[in-house]
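Biologist: Could you take me through one helix of this model up close, along with the loop that comes after? I'd like to hear what is tucked away and what is out in the open.

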Amino acid sequence: MRLLLRPVVSVLSLAGRSPRVKICRIKRRTQGSTQPFTLIRHRWMKTGCLSTHCARQYSSSAQKQHIDMSEFPVDRIRNFSIIAHIDHGKSTLADRLLEMTGAIAKTERNKQVLDKLQVERERGITVKAQTASLFYQHEGQTYLLNLIDTPGHVDFSYEVSRSISACQGVLLIVDANQGIQAQTVANFYLAFEAQLTIIPIINKIDLKNADPDRVEKQIEKIFDIPKEECIRISAKLGTNVDQVLQEVVKRIPCPTAKVEEPFKALVFDSTFDHYRGVVANIAVFGGQVSKGDRIVSAHMGKTYEVNELGILRPDEHPTERLYAGQVGYVIAGMKEVKEAQIGDTLYLHKQPVEMLPGFKPAKSMVFAGIYPMDQSEYTMLRSAVEKLTLNDSSVTVQRDSSLALGAGWRLGFLGLLHMEVFNQRLEQEYNASVIVTAPTVPYKAVLSSPKLMKEYGQEVVTIVNPAQFPDKSQVVEYLEPMVIGTIITPDDFTGKIMSLCLSRRAIQKNMVYIDDHRVMMKYLFPLNEIVVDFYDQLKSMSSGYASFDYEAAGYEPAELIKIDFLLNGKPVEELTTIVHKDRAYSMGKAMCERLKDSIPRQMFEIAVQAAIGSKVVARETIKAYRKNVLAKCYGGDITRKMKLLKKQAEGKKKMRRIGNVEVPKDAFINVLKKK
């Protein structure tokens, strides 16, 4: 069997020398094409043993060594990303570009090739920005095109902003049927502020209801881009996609990096591999790096030896060197998760350089507590959270603990979908089952007490855990986070959507018709009002046609109240909620009703109360299990029956005084899941 594991060339040479080995040339039909294979076996064996997989794997790795990255000077490199609203065809266009440049074979199974995560496949959305290097022949010269496919949902806008920092141009895709949507506008301004070249592309022109003329007018009106610059394509059918590559080469400028300068690279993404350690995706801003070089991380100050480097096509493709202006990956024996920080600068040992600006840290919009199902799984979950936050740097992590749920963390996310995807990835990639508490937003409090100011070290404190919300007597005013929300919808639904926004304490800022039938509205929302179920209600009210996007707009004073939930007079810290004064009663009543349904009955009565300070605003009672003490009485005097009932009531009263109500973990989940 050792013979079979060697490369094909050495196996053939050995086979020629051994009289017991027989060589057969065969042809096998796979996926509609005929390919030649060499079958090698001993004369005493009935079947051949050299698998086609081994032969293919060796031949592909042999080909990988032949790419010389020095053939691509800076003036023949183009770095660009694809940006658009959700489901406008970014990943489909990326598939066609990969096929046209020969990075992947043309098959019908090529659907969202760059969406590698299981959660992306299941939900049909892009969660992680993915990089691919393409070789494109144009006017007799070979160009290196580095493509980054980005997510479209507002919760993953940090991925888009990071991708834009590694590019010189973008392809802005707009659906020919739906037209400009909320996230299209947001992504355009991200690219515009970064002063990148923007190539507008109208996709899905093959659809029955496609109206590219209307979309061109929208692009001209909102973005002030002449309609002559728009390219009409169908990414699904491949119509006009070759023109996109030509325009990328013509319009997008080359990087400003120089090979003569010392090596300097920016880490713009990283993943953790159990066997090889950290795999860092880098953009080279100057000089060159080779396999075997010693490099230094500016963030940690540690020195590493480059074990492997290469480009992504879209799978890892090892090369000997990477040069200025190129994008690739590097494996340098980083074993600890904290060693590869996104935004870090790498440089050669004893050749220090000025640090690159890196990335602005992501602003967390939603906070939630995360706890292991069983405290024995704490260490395993900590390792899983560390590895996943390496790959998703927009998540912030703080240690936290709770009386009911034990030790855990309070994590900050960019939105509710981001939180759901993170939780799903923990389960799928690391097999970790967790309890996630109710999502809250970060509030601020302006302190009045000098004692508290000294304790916190500042006058204005940020509160991410509702249990730590300071009392009104210690505070001058509370501040809640605000966002500017952009809604784009057909004008038939304007009245319903305006009523929904007003019910969420929103203030209208602007309203513009972008064409004859579509309207763009801007509202100032309290973040707490939109974070849970606003998007779902908006979609159902508009029959799925409205789109929504938001961005942070600072803090504003608000009348906020902390609601505590008591079980037989004892507060349950995990259920503490912060709400606006106007919503206090309805919120307290709803939560008490849910708790009544979720907490199992006991041998004594349980009072479920919602309290603001010492004032109880809502109450539900969970009745006790009762034994029928009158069953043995067959008539007789009423005083005998009253005596038995009084004795039972006293026993229940004593039991209630000494009994503890333990809220089961699944009750927490049920209460927090329901909206």
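Modeller: Here's a walk along helix α10 and into the loop that follows, with a short stop at another loop for company. Keep in mind that this is a predicted model.

Let's start with the helix itself. Helix α10 covers residues 416-430. With 15 residues at 1.5 Å a residue, α10 should span 21 Å, and its end C-alpha atoms are indeed 21 Å apart, so the expected length and the modelled one agree.

Now for its surroundings. Of the 15 residues in α10, 11 are buried, so the helix is largely enclosed by the rest of the structure. At the start of α10, Leu416, Leu417, His418 and Met419 are among the buried ones. Further along, the buried set also includes Val421, Phe422, Asn423, Gln424, Arg425 and Leu426. Tyr430 is buried as well.

Then comes the loop between α10 and β22 (434-436), which is where you'll find Asn431. Asn431 counts as exposed because its relative accessibility is 64%, and the cut-off for exposed is over 50%. Its backbone is worth a look too: Asn431 has a positive phi of about 55°, although it is not a glycine. Most residues other than glycine have a negative phi.

Asn431 has a counterpart elsewhere in the chain: Asp87, also not a glycine, has a positive phi of about 65°. Asp87 sits in the loop between β3 (77-84) and α3 (90-100). With a relative accessible area of 57%, Asp87 is exposed.

Definitions and conventions: Residues are numbered from 1 along each chain as its sequence is written. This is a predicted model: local features need pLDDT of at least 70, side-chain atom pairs count only at pLDDT 80 or more; totals for chains, interfaces and linings use all residues. Side-chain values use heavy atoms; hydrogens and water are left out. Helices (H or I, at least four residues) and strands (E, at least two) are DSSP runs, numbered from the N terminus. The expected span of a helix is 1.5 Å times one less than its number of residues. Buried means under 20% relative accessible area, exposed over 50%, partly exposed in between (1.4 Å probe, protein chains only).
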